[in-house]
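Biologist: I should like to learn how surface and interface features are read from a model. May we work through one case together?

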Amino acid sequence: MQVWLDNPARLLFLRTQMVAVKNLLYTYAGSKPMSFPDFQISSGEHALLLGDSGSGKTTLLHLLGGLLRGYTGSVQVDGAELARLSEKELDHLRGRKIGFVFQRNHLISVLTVKQNLLLAPYLAEVPPAGDRVEEVLNHLSLSHYKNQSVLKISQGQAQRVAIARAVLNKPSVILADEPTSALDDKNCERVINLLLQAACENNTTLLVATHDQRLKSVISKHIILHA
Amino acid sequence: MNLGILVWSYLKARPLNTALNIVLLSLGIAVMVVLLLFSRQLEEKIQSNARGIDLVVGAKGSPLQLILCTIFHIDFPTGNINLAEAEKIAKHRLVKRAIPMALGDSYQAYRIIGTNYNYPSLYNAELKSGQWFQNDLEVVLGANVASLTKFAVGDKFESAHGLSAGGHAHEEHQFTVVGILNNTGSVLDNLILTSVESVWKVHDLPVEAITDSTLKSMLVPSVAAGDSTKELTSLLLQYRSPMGAIQLPRYVNQQSKLQAASPAFETARLFTILGTGVEALMVLAYVLIVISALSIFIALYNSLKERRFDLAVMRTMGATRIKLVFTILTEGVSLTLLGSLAGVALGHGVVWVMAQVIEEVEKTGITGLIVYREEWIILAGSLLLGMLCALLPAWQAYRTDISKVLAGN
């Protein structure tokens with residue numbers, strides 16, 4: 001709640017558009033253009049991005065995160081048209097407004113659990129807030145492993161570390177690419193619940209790209225992509 | 001989290017590779033530092049020892065040997081020269097000062113030099129205790145000799161015949177220590193000084209007092225001028241004018257039994273001979289450094305392949321390209337800096353140990369505890385080397401296509 005309370009603009013437009021896509025077309029070199037449906041997601045709202053493999057889920061997430069550029073149409077995140085941002089402004093946006101979670105937890109293998117979390121404010125050049133790391137570690141029941149190498153923890157634990165890292169800087173949007181596909185039912189439920197919980201706390205918009213049927217009942221807004 | 005922790009974590013994750021690179025580079029740097037310390041100090045010692053001596057006159061033979069023997073006191077004499085002939089040279093109008101030198105005995109491999117007070121004054125030597133030698137068989141000890149033999153003023157010892165340890169002892173004549181010199185940082189520290197007459201006396205060459213009617217020898221005043229029986233080992237000359245350098249060597253070499261050797265010329269020749277060895281070792285050092293640079297480059301390049309995902313993930317977390325480039329460059333520079341620091345320490349350590357263990361090195365006064373300006377150049381060069389090794393990997397990090405790397409798994 002803190003974050004949107006200290007941002008007066010959000011109080012006035014409680015459900016502003018956080019993510020908006022319109023007439024979006026992207027062409028990989030040497031292949032046919034991919035088109036994407038128009039959609040908007042308000043701040044604090046969650047959505048699932050569904051579709052078969054190859055339907056462009058990952059491409060869309062990369063476009064939303066500014067990792068892919070050179071699209072036609074419009075992609076807006078937190079009111080900013082990504083095509084108009086410079087490389088540096090995009091880095092800034094990714095560091096402060098966007099959190100990424102991937103299928104295979106891309107943790108930095110040479111660092112410990114806690115160091116992986118500390119990396120988020122360091123790379124985004126956000127001043128590390130005193131006990132934010134401990135707070136997130138506690139919340140995701142990771143305190144016990146905080147000084148362990150990330151190579152020595154289980155897949156489920158690693159995915160929790162990835163979530164912790166994504167939410168640490170209190171982003172406006174979390175883009176998750178198949179966050180549960182590699183997990184068993186028990187861990188899947190736990191991970192999606194933690195994601196939702198962490199998102200709710202900071203009024204974060206959650207966009208989950210998946211073909212995992214287990215998530216359909218948890219998030220009601222569905223955006224469906226066709227190959 | 002900061003740059004240091006991040007870089008150190010990556011280095012620590014490949015301990016063997018990191019250690020290999022550091023050891024490899026440190027060996028190369030250590031060889032360089034040892035060569036630098038040795039050649040530089042040796043050069044300084046040689047130059048300071050030859051200072052003030054323009055020409056050495058001795059018996060015919062190798063001029064280098066004559067210089068090594070009479071200035072640096074490491075080689076053996078080429079033979080003896082007749083006192084009368086030496087006097088003729090000393091009286092030459094272009095000679096400002098002539099210092100006689102008579103070698104023959106030693107004590108525990110420390111040479112006993114028969115000479116006069118002009119010789120220690122060449123090195124600005126001053127007495128630390130006692131007085132100068134005046135009577136026969138009185139000696140003044142160099143600083144190293146006194147500290148290593150633990151002799152004090154008033155102590156007596158027997159000399160041994162010859163210039164190396166273990167010669168036949170001259171039991172019938174005992175030298176008396178009358179003075180000890182201050183440390184001069186020159187060859188004088190390893191010598192025992194006495195009068196020329198003392199050296200003759202030990203070898204049972206009677207020293208005859210001169211009668212009033214005869215002229216005193218200008219080199220050894222107790223002997224009559226023109227004495228044809230007495231002999232010296234060599235004569236150290238100072239020129240009166242630069243003309244001496246042109247005329248005197250030729251004048252000396254015309255005498256059938258004498259030769260003149262120029263310390264400046266012979267030491268330059270010595271440096272050329274030593275220089276070849278130094279250069280050969282320097283090539284070895286360069287080869288080691290180039291190999292280690294290659295090894296560091298390959299290590300960074302390979303680790304970067306494994307780290308493509310890490311780099312892409314870092315970009316998704318908001319890292320700028322410059323930040324990643326800086327991280328990779330820092331990693332390269334850390335490796336070379338650690339390697340060269342270890343190398344400099346190792347080089348100094350090796351020279352220090354040699355000075356402790358090897359007596360010859362200790363005698364020359366070479367120390368490992370001196371730092372030359374060139375070592376800063378070595379350190380700065382290693383920073384540059386690290387940057388160079390990391391340049392290509394850093395450029396690749398700069399160009400990482402985040403989307404492609406993330407989608408490619």
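Biologist: Which residues form a nonpolar patch on the surface?

Modeller: Please note that this is a predicted model. A patch is built from nonpolar side chains that have over 30% relative accessible area and lie within 5 Å. Here the patch consists of W352(B), V353(B), V357(B), I358(B) and L369(B), and together these residues have about 490 Å² of accessible area.

Biologist: Where is W352(B) found, and is W352(B) buried or exposed?

Modeller: W352(B) belongs to helix α11 of chain B, which covers residues 321-357. Partly exposed is the class between under 20% and over 50% relative accessible area. W352(B) is partly exposed because its relative accessible area is 38%.

Biologist: How many residues does the contact take from chain B and from chain A?

Modeller: Chain B gives 25 residues and chain A gives 27 residues. About 2400 Å² is buried between the two chains, with carbon and sulfur atoms giving 66% of that area. On the side of chain B, M1(B), M317(B) and K323(B) lose the most area to chain A; together they account for 28% of what that side buries.

Biologist: How many salt bridges are counted between chain B and chain A?

Modeller: The count is three salt bridges. R315(B) forms a salt bridge with D91(A), in which the closest N and O atoms are 3.2 Å apart. The elements of chain B that give two or more residues to the side touching chain A are α1 (3-13), α10 (308-316), α11 and α14 (402-407).

Biologist: How many residue pairs are in polar contact across the interface?

Modeller: The rule finds six such pairs between chain B and chain A, with both residues at pLDDT 80 or more.

Technical notes
Residues are numbered from 1 along each chain as its sequence is written. Chains are lettered from A and ligands numbered from 1 in the order in which they are written. This is a predicted model: local features need pLDDT of at least 70, side-chain atom pairs count only at pLDDT 80 or more; totals for chains, interfaces and linings use all residues. Side-chain values use heavy atoms; hydrogens and water are left out. Patches are made of residues with over 30% relative accessible area and no salt bridge: like charges are joined within 9 Å, nonpolar side chains (Val, Leu, Ile, Met, Phe, Trp, Tyr) within 5 Å. Accessible areas come from the Shrake-Rupley method with a 1.4 Å probe; for residues, only the protein chains shown count as cover. A salt bridge is a side-chain nitrogen of Lys or Arg within 4 Å of a carboxyl oxygen of Asp or Glu. Helices (H or I, at least four residues) and strands (E, at least two) are DSSP runs, numbered from the N terminus. Buried means under 20% relative accessible area, exposed over 50%, partly exposed in between (1.4 Å probe, protein chains only). Contact means heavy atoms within 4.5 Å. Buried area is the accessible area (1.4 Å probe) that two parts lose on being put together, summed over both. A polar contact is a pair of N or O atoms within 3.5 Å; within protein, one must be able to donate a hydrogen and the other to accept it, and residues adjacent in sequence count only if both atoms are side-chain atoms.
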